[in-house]
Amino acid sequence: MKIMVLLILVSVLMACSSKPKDMYSDLYLRSEFTWWEAKPEYKFKPIEDTTNKIVTTKIEADGNPYHIKVADKQWSKNKNCGYKKIEDRSVKLGKWLELDCTYDFEKLNSTPIQKPLELKPKETGYYTFILKMSTTGPSHIQINKVESVR
């Protein structure tokens, strides 16, 4: 009986000490400059001491807008994010833009590239894409131009 209690106690302690799996660890920045693919160099990574995630990349200012989406490898339901409000469609650097991640590719049987943000960089350089995470996934995105990359 004591061994059974000890085994249960050890199991409970191990379960409590294990870190919960991040259900949104497989999100990627997707755009024309990624060929709409989920490439490792465009995978969002956690920002230390926050729940936010970030990716930094160089973008060419060629005069055309880039269409921006956040999605997992499969364009899954609730992991396929674009703008929520039409007024947030055109990116304003440094502003948090609300995301809608409810697009269901299988149900709607259409292109997964729905409601993309539009970024028209004025100059070539490095840009950070920061995701504000909530318990239900990405809620906002902020895009900033950075002077240098670490």
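**Aromatic rings and their neighbours**

Phe33 is buried, as is Tyr66, in this predicted model.

Student: What makes Phe33 and Tyr66 count as buried?

Tutor: Both residues are called buried, and that word applies because the relative accessible area is under 20%.

Student: How many aromatic pairs are there, and why is the pair of Phe33 and Tyr42 called tilted?

Tutor: The count comes to two aromatic pairs. In one of them, the ring centres of Phe33 and Tyr42 are 5.9 Å apart and their planes stand at 55°; centres within 6.5 Å make a pair, and planes neither under 30 degrees nor over 60 degrees apart make it tilted, so the name follows. Tyr42, like Phe33, is buried.

Student: What makes the pair of Phe33 and Tyr66 edge-to-face?

Tutor: Here the rings lie 5.3 Å centre to centre, with 75° between the planes; since an angle over 60 degrees counts as edge-to-face, the pair is therefore given that name. The pair links distant parts of the chain, as Phe33 sits in the loop between β1 (28-30) and β2 (45-46), whereas Tyr66 belongs to strand β4 (residues 66-71), 33 residues apart. Through ring pairs, Phe33, Tyr42 and Tyr66 are linked into a cluster.

Student: How do you know that Lys132 lies over the face of Trp96?

Tutor: Lys132 is at 4.5 Å from the ring centre of Trp96, and because the rule asks for NZ of Lys within 6 Å of the centre and within 35 degrees of the ring normal, the distance satisfies its part of the rule.

Definitions and conventions: Residues numbered from 1 in each chain as written. Predicted model: local features only at pLDDT ≥ 70, side-chain atom pairs only at ≥ 80, totals over all residues. Heavy atoms only, no water. Phe/Tyr/Trp six-rings, centres within 6.5 Å; stacked < 30°, edge-to-face > 60°. Buried < 20%, exposed > 50% of the residue type's maximum accessible area, 1.4 Å probe, protein only. Helix = DSSP H or I, 4+ residues; strand = E, 2+ residues; numbered from the N terminus.
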